[in-house]
Amino acid sequence: MNSAVRRRPVSVADRRRAARWGTAAALLLTLVALLLAPATPASAHAVLVSSSPTASAVVSNAPSEVVLTFSEGVRKVPGKIRVIAPDGSRADRGEPTFKDAVVTIPVDPSGARGTYLVSYRVISADSHPVSGAFTYSVGAPSTPPTDSGTDTRANPVVQNAVKVAKYLSYLGLLLLVGPALVLAALWPRRLSRRGPARLAWSGLGLLVLATVAELWLQVPYTAGGGLFDVTGAGLGDVLGSAYGTAHLVRLGLLAAAAFLLRPLFAGPIGRTDGIILAILGGAALFTWPLAGHPAASPAPAVSVVADAVHLGSMAVWLGGLVMLAAFLLRRADERELGAILPIWSRWATLAVAALLLAGTVQGLIEVVTPKALVDTTYGQLLLAKIGLFALVIGVAAYSRALVKRRTAAGRPGAMRRAIAAELAITAVVLGVSATLVQTTPARTASANVAGAPAGYFSTTLSSPLYSLQVEMDPAERGNNSLHLYAYTPDNRPQPVKEWKATAALPSAGIEPIDIPLLPLTDNHATGEISLPAAGQWQLRFTVRTSDIDQATVTATVPIK
């Protein structure tokens, strides 16, 4: 007698179930990687284009004001703009004034000689925080002071929570639009509406929750702080801004739409109610671009309309796919599917065409140049989104071919698998989109680089202890700004105990020159150096990460 234990053969259903779970796990890991990836150092959506006095300048007399000029309009973050005197006391007097992109800070004109530190944190026109610091000297330079005020660094937990809230708002939108659209126009009368209604109410609840979360998170996101560092004054400032107004309008429109959605979920509604519901939904779509990049673009009217069309097309297409996969392909009979699928295929084609057109318009406005598409984080994310979208289009073309051959109704399994693939890929696309809206637009990032007269130098140097991102602007003879960002080998911010840097030009007999560095955060330091000659400059950086651990890295910078 054979004592071997017989194993139950693995059925096709088991394999399919394992594949579905594997796909879901891979998708989840991808989304986590997209949403929780460390923020890049250049996270501001506006840049400081000039200042008076200029960075590292030495002036003979103390100025009565410091003027900051940004690339776009900015708003105040209370208490986050400071001028620190050489002795560490506050040199600014009274509140700064804001006029579009210009911020004027009154300072004490009878201040002592030495080096002053200007630190700032403001809100750009697209609702994102902008922070930085620089120094200037009166009479002669001295040891730069430190800013002992409240911490203005971005909290990584808050930054990631903002991305998650954005993603959930997109997910809630498509889960609401899909059932509402299909129930209004394509749902067979004989089928129960209970399942789609539950899905739509879940989408509405998720959308409301994400909108409220975005309002809450905007307070610590712009002011700096943790998830619960929210004050009444801070919340009032957010609610009184254009960002807050757009979100409050969205909540009001969702509340109004809920009254019309209830009868739709119970049965067919009249034409008038359907038109009103469509108007409310269309108006709600505009609240996303009005609270983000499009409202601050060079062509805001075009950008806002294009973004609303892009978002609405996404919701129609993906929401409809969810309804097909979850309900219609499972419940509708072959005769019903034969009538529904051709109509849906035409709708999906129109939605995809609108997505492509709106996306092209957005890309032309936000990216500006082909070089920016490759050289900026925004452009690289956009390329990733385009690649994924092309993959989705390929799967959608297969689905449309099934419909055209009139085999989809008789083979709902093949149609379901194609739609499941579309949804899996587009879920990742949504993750990329949620990251994209929190990334500096390429037009701003590239303008910051292109604004340098001779160029811009950036590189990443590696050692066993850390990696060091080095940025020099404008990388030409004369005054240059240096920014250093330290990261752990797994690309997390690396706290630094001590920074040292030198610059030398051996070919011209110039011995190493010490570069004074000013720590701005635990992993970010800045410095100013005047390079007197062109050539291949040798930069040497020593970073101490603990009391005993340090490493030195070098870079060669071409200076014109």
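1. Start with Val305, since the label it gets is worth a look. In this predicted model, Val305 comes out as partly exposed, because its relative accessible area is 43%, and partly exposed is the class between under 20% and over 50%. Val305 sits in helix α7, which covers residues 300–331. Together with Phe286, Leu290 and Val309, Val305 makes a nonpolar surface patch of about 300 Å².

2. Now to a residue in another class, Ala200. Helix α3, residues 194–223, is where you'll find Ala200. With a relative accessible area of 0%, Ala200 is buried, because the cut-off for that label is under 20%. What does Ala200 touch, leaving out residues up to four places away in sequence? The partners are Leu175, Leu176, Pro179 and Phe265. Ala180 is worth checking too: 20 residues along the chain separate Ala180 from Ala200, and their C-alpha atoms are 7.0 Å apart.

3. While you're on α3, check its length. The helix has 30 residues, so at 1.5 Å a residue it should span 44 Å, and the end C-alpha atoms are indeed 44 Å apart. There is a kink in α3 all the same: about 30°, at Leu217, shortly before the proline Pro220. Right after α3 comes Gly224, with a positive phi near 85°.

4. Helix α5 (residues 242–266) can be put through the length check as well. Its 25 residues should span 36 Å at 1.5 Å a residue, and the ends, taken at C-alpha, are 37 Å apart, so expectation and model agree. Where is the kink in α5? Phe259 is the place, with a bend of about 35°, and the proline Pro263 follows shortly after.

5. Two cis peptide bonds deserve a look in the viewer. One runs from Ser52 to Pro53, with omega near 0°. Pro53 belongs to the loop between β1 (48–52) and β2 (58–59). Another runs from Asp473 to Pro474, and its omega is near 10°. Pro474 is in the loop that links β11 (467–473) to β12 (478–487).

6. That β11–β12 loop has something else for you: Ala475 is in it as well. Ala475 has a phi near 60°, which is positive even though the residue is not glycine. Is Ala475 buried or exposed? Its relative accessible area is 6%, so Ala475 is buried, given that the label applies under 20%.

7. Asp100 is another non-glycine residue with positive phi, here near 55°. Look for Asp100 in the loop between β6 (97–99) and β7 (102–106). Asp100 counts as exposed because its relative accessibility is 63%, and the cut-off for exposed is over 50%.

8. Finally, some whole-chain numbers to keep beside the local ones. The chain has 12 helices and 18 strands. Of its 560 residues, 48% are buried. Take the contacts between residues at least 6 apart in sequence: 69% of them join residues at least 24 apart. The accessible surface adds up to about 26,500 Å², and carbon and sulfur atoms account for 61% of that.

How values were computed. Residues are numbered from 1 along each chain as its sequence is written. This is a predicted model: local features need pLDDT of at least 70, side-chain atom pairs count only at pLDDT 80 or more; totals for chains, interfaces and linings use all residues. Side-chain values use heavy atoms; hydrogens and water are left out. Helices (H or I, at least four residues) and strands (E, at least two) are DSSP runs, numbered from the N terminus. Buried means under 20% relative accessible area, exposed over 50%, partly exposed in between (1.4 Å probe, protein chains only). Contact means heavy atoms within 4.5 Å. The expected span of a helix is 1.5 Å times one less than its number of residues. The bend at a residue is the angle between axes fitted to the seven residues ending there and the seven starting there. Patches are made of residues with over 30% relative accessible area and no salt bridge: like charges are joined within 9 Å, nonpolar side chains (Val, Leu, Ile, Met, Phe, Trp, Tyr) within 5 Å. Accessible areas come from the Shrake-Rupley method with a 1.4 Å probe; for residues, only the protein chains shown count as cover. A salt bridge is a side-chain nitrogen of Lys or Arg within 4 Å of a carboxyl oxygen of Asp or Glu.
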